[in-house]
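Reader: I should like to study one part of this protein closely, and then to follow how that part relates to the rest. Please guide me through it step by step.

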Amino acid sequence: MRIVFFGTPTFAVPTLKKLLANPDIEIIAVVTQPDKRRGRGNQLIPSPVKQIAIEQQIPVLQPKSVKKNAKTLNFLRQSRADAFVVVAYGQILSPEILEMPRLGCINVHGSILPKYRGAAPVQWCIARGEKETGITTMLMDAGMDTGPMLLKAYTSIALFDNAEQVGATLGQMGADLLLETLSKLDQGEITPIPQNNDDATYAPLIQKSDYLIHWQDSGRTIHDRVRGFYPNALTTFRGQPLKVMATIPLDDPEQLPPELQTKDLSHLSGEVGAIVALWKNFGPVVQTGEGLLLLKEVQLSGKPPRSGGDLVNGSRLTIGETFGQ
């Protein structure tokens, strides 16, 4: 089976590797986003998918606009591909491109469609407190993740799972599900199922404002956003930016780590965003709009990540100091 692979981030790498390892599949080209400048040296950095393609000596195409680049369109027209596989590519494919391959354009999407259509399904699913997610393979159409569904696979989301961890799990699941999808689609063993648009939810591109912690929210809401937008959830402390990378909501003793289950919380309260306790080996406890939140891991501006316990021990915190002011 001849495949053109469209993908960009780390999430797409397991699927590309799985396809490369299959002797019945030929990856004839990889289409990925243009290199981006990153880091202190402002150097051009290739996407994770491009790095794999280079290692495997696969032709790479990086059009700024895949719908308008004549060279790319001409290559795709002449590719004689059985399928275009699309995994977190980052651009919309035109109707012309969608009709080119024999089996169509097959997308590996990181949610259980029609929930969480859009650019950041893993992050928003966790940020909104979902307890289950998964992978959907679908035949792409001209809409945003609106095409008929092919196969699904499910996984649970635990209370302390973050987007990086869930994304890694889904990346591997997507690789396995795609191979099954390609095989069954080629054999005519799948009947595509239209999505119910009435059940659709959306996972838009994440904006910088989404990272900001609003301490008037409940502790559980803040916790979900911290792990959903890991490692970028942001507040301020003593006039400086502070990333909050891991938290523990204290609203349900049964879900706490054993060493915290004996802590007495009955006397703890304060203004929203204020430190109400300093647990030496664990971190500061903060009053939220509803419930208490333990800061388990943080990162001061320009510093490496550190545990909440280290923050308590090294920053001379005091009861009543506030975050987000």
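Author: Phenylalanine 75 is found in helix H3, which covers residues 70-77; the model in which it is seen is a predicted one. Is this residue buried, partly exposed or exposed? Its relative accessible area is 31%. Phenylalanine 75 is therefore partly exposed, since that class lies between the 20% limit for buried and the 50% limit for exposed. Setting aside neighbours within four places in sequence, phenylalanine 75 is in contact with Ile28, Ala29 and Leu61. Ile28 and Ala29 fall within strand S2, residues 26-31, and Leu61 falls within strand S5, residues 60-61.

These contacts lead to the sheet. Which strands form it, and in what order? It is an open sheet of seven strands, ordered S5-S2-S1-S6-S7-S8-S9, and its pairing is mixed. At the edges stand S5 and strand S9 (149-156), each of which pairs on one side only. In general, the strands of a sheet pair through backbone hydrogen bonds, in either the parallel or the antiparallel sense.

Strand S7 shows both senses. S6 and S7 run parallel and are joined by three bridges; in one of the pairs, valine 86 has asparagine 107 of S7 as its bridge partner. Strand S7 (residues 105-109) also pairs with strand S8 (residues 132-139), here in the antiparallel sense and over four bridges. Isoleucine 106 has leucine 139 of S8 as its bridge partner. In a regular strand, side chains alternate between the two faces of the sheet. In S7, Cys105, Asn107 and His109 point one way, while Ile106 and Val108 point the other way. How many of the residues of S7 are buried? Five of its five residues are, so the strand is mostly covered, buried here meaning under 20% relative accessible area.

The sequence and the fold should be kept apart when one compares H3 with this region. Phenylalanine 75 and threonine 137 are 62 residues apart in sequence, and their C-alpha atoms are 25 Å apart in space. Threonine 137 belongs to S8, whose residues are 132-139.

Two helices may now be set against the sheet. Helix H6 (residues 163-186) lies across strand S1 (2-7), strand S6 (83-87), S7, S8 and S9, and runs at about 150° to S9. Helix H1, residues 13-21, contains threonine 15. Why does threonine 15 count as buried? It does so because its relative accessibility is 1%, which is under the 20% limit. Its contacts, not counting residues up to four places away in sequence, are Phe5, Val87, Gly171, Gly174, Ala175 and Leu178. Phe5 belongs to S1, Val87 to S6, and the other four to H6. The buried residues of H1 are Val13, Pro14, Thr15, Leu16 and Leu19. Their cover includes S1, S2, helix H2 (48-55), S6 and H6.

Further along the chain there is a second group of paired strands. Strand S11 (240-249) and strand S14 (292-300) run antiparallel and are joined by seven bridges, with threonine 247 partnered by leucine 295 in S14. Strand S13 (residues 283-287) likewise runs antiparallel to S14, through three bridges, and valine 285 stands opposite leucine 294. The hairpin of S13 and S14 has four residues between the strands, and glycine 291 takes a positive phi near 95° there. S14 also pairs with strand S15 (residues 306-307) in the antiparallel sense, over two bridges; valine 298 stands opposite arginine 306. Five residues separate S14 and S15 in their hairpin, where glycine 302 in the turn has a positive phi of about 80°.

S11 and S14 also help to line a pocket. The second largest pocket has a volume of about 180 Å³. Helix H7 (219-228), S11 and S14 are the elements that give two or more residues to its lining. Among the lining residues are His223, Val226, Met245, Thr247, Lys296 and Glu297. By class, the lining has five nonpolar, four polar and three charged residues. Thr247 thus has two roles in this description: it lines the pocket, and it is the bridge partner of leucine 295.

Key:
Residues numbered from 1 in each chain as written. Predicted model: local features only at pLDDT ≥ 70, side-chain atom pairs only at ≥ 80, totals over all residues. Heavy atoms only, no water. Pairing = 2+ DSSP bridges. Contact = heavy atoms within 4.5 Å. Axes fitted to C-alpha atoms, helices over the stretch in contact; angles between N-to-C directions. Buried < 20%, exposed > 50% of the residue type's maximum accessible area, 1.4 Å probe, protein only. 1 Å grid on protein atoms, 1.4 Å probe; cavity = no way out; pocket = protein on both sides within 12 Å on 5 of 7 lines; lining within 4 Å. Points joined across faces, edges and corners; volume = space filled by probe spheres on them. Nonpolar A, V, L, I, M, F, W, Y, C, P; charged D, E, K, R; others polar.
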